[in-house]
Amino acid sequence: MTAITVEAGKEARRTALILAASQAIIGSAAPIAISMGALAGQYLLGADKSLATAPITGFNLGVALGALPAAAIIRWLGQRGGFMTGTVITALGGLVATLALFHGSFWLFAFALLVIGLGGAFVQQFRFAAADNAPPAFKARAISFVLAGGIITAILGPQIVIFTRELFAPVMFAGSFASILPLAAVGAVILSFLRLPSRTASKVDVADGDARPLSEIVTKPRFVAALFCAVGSYALMSFVMTGAPLAMVGCGLSENDATLGISWHVMAMFGPSFFTGSLIHRFGAERIVAIGLLLLIGCAVVALSGLALWQFWTALILLGLGWNFSFIGATAMVAASYHPSEKGKVQGFHDFVLFGSVACASLMSGMVYNAWGWMMLNWMILPVAALCFVALGALKITSLRPA
């Protein structure tokens, strides 16, 4: 039994490292799309730049719309085949984006980022695959390995942008999106080394008869507060992050400065993940969410204090840290609000509301920035964070009432 356990641990470690390496490579498509999507959209538009962030909205929509189909494809083809299918979709999106830039087609470019987002939905499954194929004692560490790949992505993606943005000059940004094709190819090669069952199956362990109606679950105070904080933190992050590259370039900073700012931001988003779970276990999810909201307010304070490079970068780092604490804490609250038999429908409802809100936030970012500027984007953090604190306070009051 001990030998079998040791062998299972070795195989789980190998699987996690392969998924982390692939995450680092193919996952770089996301920061490329985020850092260059709005700038390229602005480049393709005419005098009215209010829809410059629509391509990033397309990317976010792609991730949301691709979540359920990606899971179905992975179940049908198995994890290795499903993940490699995702790399093909990502490569197709990079190809279409490159062609759209050469043809000067804004809406084709927005559609291309939606396709890249569909491929990104498969990448979102990597950490779950690492945990599913690990023994209980190694599950948390397996997830950490994959998240470490996300930190490398935060560095690699923006560096690729810096060195390829003018590769096909005078067609700006085409080189950055063309680079997604070799990234997808390398990611597929890495995934081919996975030793996983070709087909997977899952069984429901808890009878559906034990499940409560969705309407009953989503009206519980804990779920309402958790969803409110999850949507508030994620939408604010998308709202400010999407407009940041436009604001930095608009203030006279270089596109390289804007790209590196997104790099610092993404590292701040994923870096604390190694210990956020431990903090939630020790101090409680609600306290961690509150700390995250305070960090988001700190982002607004720094951003509103001036337009220097260090202020942009510091604000983006605080934005990433605030997102990590508040969103992961809110996710833990959601996970504690349902029974195993209710998992599918509750998570589906949660993700529909969440990513729909994030897509709207990324679209509104360009419109608000075009109409009122960078400062207004950051002023919007304050009332939304305040409403999240009200939701947490209401939950605390409700929990103190006698049952």
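**Exercise 1. Sort the residues that line the largest cavity of this predicted model by class, and state how many are nonpolar, polar and charged.**

Solution.
1. The result to reach is five nonpolar, four polar and no charged residues in the lining of the largest cavity.
2. List the lining: Ile26, Phe83, Gly86, Thr87, Thr90, Gly119, Phe122, Val123 and Phe126.
3. Take out the nonpolar members, which are Ile, Val and Phe by type: Ile26, Phe83, Phe122, Val123 and Phe126.
4. Gly86, Thr87, Thr90 and Gly119 remain, and they count as polar because Gly is placed in that class along with other residues that are neither nonpolar nor charged.

**Exercise 2. Which elements give two or more residues to the lining of the largest cavity, and which gives the most?**

Solution.
1. The lining includes Phe83, Gly86, Thr87 and Thr90, as well as Gly119, Phe122 and Val123.
2. The elements that supply two or more residues are α3 (54-103) and α4 (106-123).
3. With four residues, α3 gives the most.

**Exercise 3. How many cavities of 30 Å³ or more does the structure hold, and what is the volume of the largest?**

Solution.
1. The structure holds one cavity of 30 Å³ or more.
2. The volume of the largest cavity is about 30 Å³.

**Exercise 4. Describe the protein as a whole: its helices and strands, burial, contacts and surface.**

Solution.
1. Secondary structure: the protein has 17 helices and zero strands.
2. Burial: of the 403 residues, 51% are buried.
3. Contacts: taking those between residues at least 6 apart in sequence, 84% join residues at least 24 apart.
4. Surface: about 17600 Å² is exposed, and carbon and sulfur atoms supply 70% of that area.

Technical notes
Residues numbered from 1 in each chain as written. Predicted model: local features only at pLDDT ≥ 70, side-chain atom pairs only at ≥ 80, totals over all residues. Heavy atoms only, no water. 1 Å grid on protein atoms, 1.4 Å probe; cavity = no way out; pocket = protein on both sides within 12 Å on 5 of 7 lines; lining within 4 Å. Points joined across faces, edges and corners; volume = space filled by probe spheres on them. Buried < 20%, exposed > 50% of the residue type's maximum accessible area, 1.4 Å probe, protein only. Contact = heavy atoms within 4.5 Å. Areas by Shrake-Rupley, 256 points an atom, 1.4 Å probe, with all protein chains shown as cover.
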